[in-house]
Amino acid sequence: MKDTSLVERQALRKAARRLAPLVLLLYTAGYLDRVNLGTAALTMNSDLGISAAAFGFATGIFSAGYIALQIPSNLALNKLGPRRWLGLLTISWGVVAMLTSLVQGEKSLVAVRIALGAVEAGLLPGMFMYLTIWFPPRMRGRITAVVCLPFYAILGTPLSASIMQYADGLAGVAGWRWMFLLEGAPTIVIGLVLLRLLTDSPASATWLSDEEKAALLRTADPATGDKPRVGLRDILDRLRDLRLVTLSLAVALLWVGFAAITSFLPLIVAGFAEHTHMKLSLVQTGLLSGLVYVPATFVALAWVSSSDRRDERVKHVACGALLAAAGTVLAVNASNLWVTLLGTVLLTSGIYAALFIVWQIPVAHLRGPVAMSVGIAMTTMLGNIGSFMAPYVVGWLRDSTGNFDSGLYFIAVSLVACAVVTVAGNRIRTSPPHPHTPATPGGAIEETLTH
């Protein structure tokens, strides 16, 4: 009989090799269809007569449908299973993403963004819940970093800009419309692939041996395979959890920076280039915007690896947020485009370093499938309030001042606040579980947080 730890390591390697590329595809498709609007804005805004504030509102309103359906979507995942639910969601937002090519002005753009947010509501909480089913706490930081690698920005932004530049006028259609069509269609194909290849849990994995299935089931919450019934009281219990709500606010403050940078980075790069009297084509703007994410990816991977090795989350998130704030200030005060890009690299690096692990902190004390499902959904739901607010505020400040400097300072303040709230919120004592919701031994995320 094989050594138990050897079987477990072998099973985890198999799971990572098979599932990580699929979840990475899921994440890349979701975020490319969400953030390519920022690249489209380079020509779409002038074509449709949309101001920076109106564009920011349309970008942020994505979170309205996202917030409203966050918890219901995660409950639907419990009922239907990750394979069916995530596959169907991916197909749905691929269709909506293609429909963005038909917008005629601010109102239709707002409508399609609300629809996209509604069908993408299950993406992040569904992903996070799925990872808790397959991987033990000690691996979740690294596996989250791998499946959330920003290929949608590194490759997607230059691709989007190239489509816009070289397909512009083809068949009498604007380049940004072609971009939404050509990038939305593959998402539908990815959804079909997920329906075929994604596996709900170790228990149903035909590609694992019986020993490997048992090993993975031992490392996970024994109740994660259940399909729990969730009532209004379960949701209210989580809303009364001061630690969960406070740390979810920290997620929201971090997502202020994340949402703003993913929505406006191409416009920010183009604006700084114009300010320094450099003329950039659409493709050059896309390449520089994508290039920012390359060093950020390596920094984030090293940061997450450090967090996993030390079994520490709070300080890593706080320091990542402060690094991002420092990069923001550098970008604003730089005298040339290259120093500005260095500041933007630090901003993006810090945000991604914190983003990959911040979601684990609010739910670290939750036990059982009901608490986990509702808690993860609520964390991402409250976090999306930051995504809702940030693009509009940054756009409004851009219209009011004529540049992005004030908007970037707003991001810096939010990131400093994220660091403070993360440290302070983690010190809040947790209340014992509600009598009607029994705790699950060896709960789903058993992180030892260093104060």
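**The largest pocket and the salt bridges**

In this predicted model, the residues that line the largest pocket divide into 15 nonpolar, 13 polar and five charged. That lining comprises 33 residues in total, and those nearest the centre of the pocket are Leu267, Ala270, Gly271, Glu274 and Arg398. The volume of the largest pocket comes to about 790 Å³. Four helices, α1 (4-48), α14 (242-275), α15 (282-291) and α19 (369-401), each supply at least two residues of the lining, and the greatest contribution is that of α14, with eight residues.

From the pocket we can turn to the charged pairs, for the structure holds four salt bridges. In one of them, the side chains of glutamate 212 and lysine 14 meet at 3.1 Å, N to O. Because glutamate 212 lies in helix α12 (residues 210-219) and lysine 14 in helix α1, this pair ties together parts that are 198 residues apart in sequence. Glutamate 212 counts as buried, at 1% relative accessibility, whereas lysine 14, at 28%, counts as partly exposed.

Helix α1 also takes part in a salt bridge through arginine 34, whose side chain meets that of glutamate 120 at 3.2 Å, N to O. Here, too, distant parts of the chain are linked, since glutamate 120 sits in the loop between α6 (106-119) and α7 (123-134), 86 residues apart from arginine 34. Arginine 34 counts as buried at 10% relative accessibility, and glutamate 120 is buried with a relative accessible area of 0%.

A further salt bridge joins aspartate 308 to arginine 313, with the closest N and O atoms 2.7 Å apart, and both of these residues are buried. Together with Arg142, Asp308 and Arg313 are linked in a network of salt bridges.

Notes: Residues numbered from 1 in each chain as written. Predicted model: local features only at pLDDT ≥ 70, side-chain atom pairs only at ≥ 80, totals over all residues. Heavy atoms only, no water. 1 Å grid on protein atoms, 1.4 Å probe; cavity = no way out; pocket = protein on both sides within 12 Å on 5 of 7 lines; lining within 4 Å. Points joined across faces, edges and corners; volume = space filled by probe spheres on them. Nonpolar A, V, L, I, M, F, W, Y, C, P; charged D, E, K, R; others polar. Buried < 20%, exposed > 50% of the residue type's maximum accessible area, 1.4 Å probe, protein only.
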